[in-house]
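Morning, everyone. Please look at the screen while I walk you through this one.

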Amino acid sequence: MRGRQPALLLPELPHSSLQLHSAGSLHTTTPAPIMSTKVAVVTGSNKGIGLAIVRALCKQYQGDVYLTARDVTRGQEAVNSLASDGLKPKFHQLDINDLNSITTAAAYFKEKYGGVDVLINNAGIAFKGADTTPFPVQAEVTLKTNFFATRDMLTHFLPLIKAGGRVVNVSSFVGSRALNKCKPALQQRFRSEDITEEELVGLMEQFVEQAKSGEHEKGGWPDTAYGMSKTGLTTLSMIHARRLSKERPKDGILVNACCPGWVRTDMAGDKAPKSPEEGAITPVYLALLPAGATDPHGKFVSDKEVQPW
């Protein structure tokens, strides 16, 4: 597991760095800043729910919308597919499992826009139910992306969120189910209003280590790597919301976790009841909460309604 990192570090911001732009070309010139333009960034958005979120934002958001993807070719193909519908997203390469990719993107948005107005952390993975990969491997791989890499995104992007900004972490109702299957002492910590980010990271590391030794159920953890990754992400969202309310009380930033529902995607399969467009409704709703709104904040939201945690 990766070591713990200090929370919310401002990234190094080089005057000139290698960038990827909507044409997919590489160059080293510093982008001209357009600080007055609002900007939304969606991770893992070349397909599925992420692509549907970008499509909806292109229609509804008054600002630049960035489709991001690990793979430049697939990302550019997704941009072109939206362009054929008359939509004009921009593109930036972003692999949340690559810290250098995160810091490069953070520097780009800092230099070009002076920060970020909307961040939707959608990138995530899940093993299929029939997958025979051993559970210890599933636990480590799933939490690496869904919790630890998403945390890396937040560590480097939260300081860039502008006043009035919106942060949406795409979580899952499976995280709520997993929480309810934890032993009572663990449930109490995940639901506590005084849990710190460092304590949460320690708990996530503990789950992975006990899963790797085959002792997670004895330790009071449920038998779901995906569920625990989303329990961690929802809890992290609540921790960050409390921190922003304390450290930037006048900035009106809203941070929430949400469940898009069971959506027909490559990840969830074709038997799910919701289309990607239906899955995008709640994330987009939270991203577009009107200026001056004070809630929801630090909540878990599904079907545009705050859910118990």
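I'll cover a helix, a serine and a pair of cysteines. Keep in mind that this is a predicted model.

Start with helix α1, residues 48-60. Does its length make sense? What span should we expect for 13 residues at 1.5 Å a residue? The answer is 18 Å, and the end C-alpha atoms sit 19 Å apart, so the two agree.

Now, which residues of α1 are buried? They are I49, G50, L51, A52, I53, V54, R55, A56 and L57. Those buried residues pack against strands β3, β4 and β6. They also pack against helices α2, α9 and α10.

Next, the serine. S229 lies in helix α8, which runs over residues 225-247. Is S229 buried or exposed? Buried: its relative accessible area is 0%. Its side chain reaches the backbone oxygen of Y226, at 2.7 Å. Y226 comes three places before S229 in the numbering. Beyond its close sequence neighbours, S229 touches T142, L143, N146 and F147.

Last, the cysteines. A disulfide is a covalent bond between the sulfur atoms of two cysteines. How many does a search of the whole structure find? Zero. Take C258. The closest cysteine sulfur belongs to C259, and it is 7.4 Å away. The cut-off is 2.5 Å, so that is too far for a bond. C259 is likewise in no disulfide, with the sulfur of C258 as its nearest.

Both cysteines are buried. C258 has a relative accessible area of 0%. C259 comes in at 3%, and under 20% counts as buried.

That's my tour. Over to you.

Notes: Residues are numbered from 1 along each chain as its sequence is written. This is a predicted model: local features need pLDDT of at least 70, side-chain atom pairs count only at pLDDT 80 or more; totals for chains, interfaces and linings use all residues. Side-chain values use heavy atoms; hydrogens and water are left out. Helices (H or I, at least four residues) and strands (E, at least two) are DSSP runs, numbered from the N terminus. Buried means under 20% relative accessible area, exposed over 50%, partly exposed in between (1.4 Å probe, protein chains only). A polar contact is a pair of N or O atoms within 3.5 Å; within protein, one must be able to donate a hydrogen and the other to accept it, and residues adjacent in sequence count only if both atoms are side-chain atoms. Contact means heavy atoms within 4.5 Å. The expected span of a helix is 1.5 Å times one less than its number of residues. Lists of a residue's contacts leave out its neighbours within four places in sequence.
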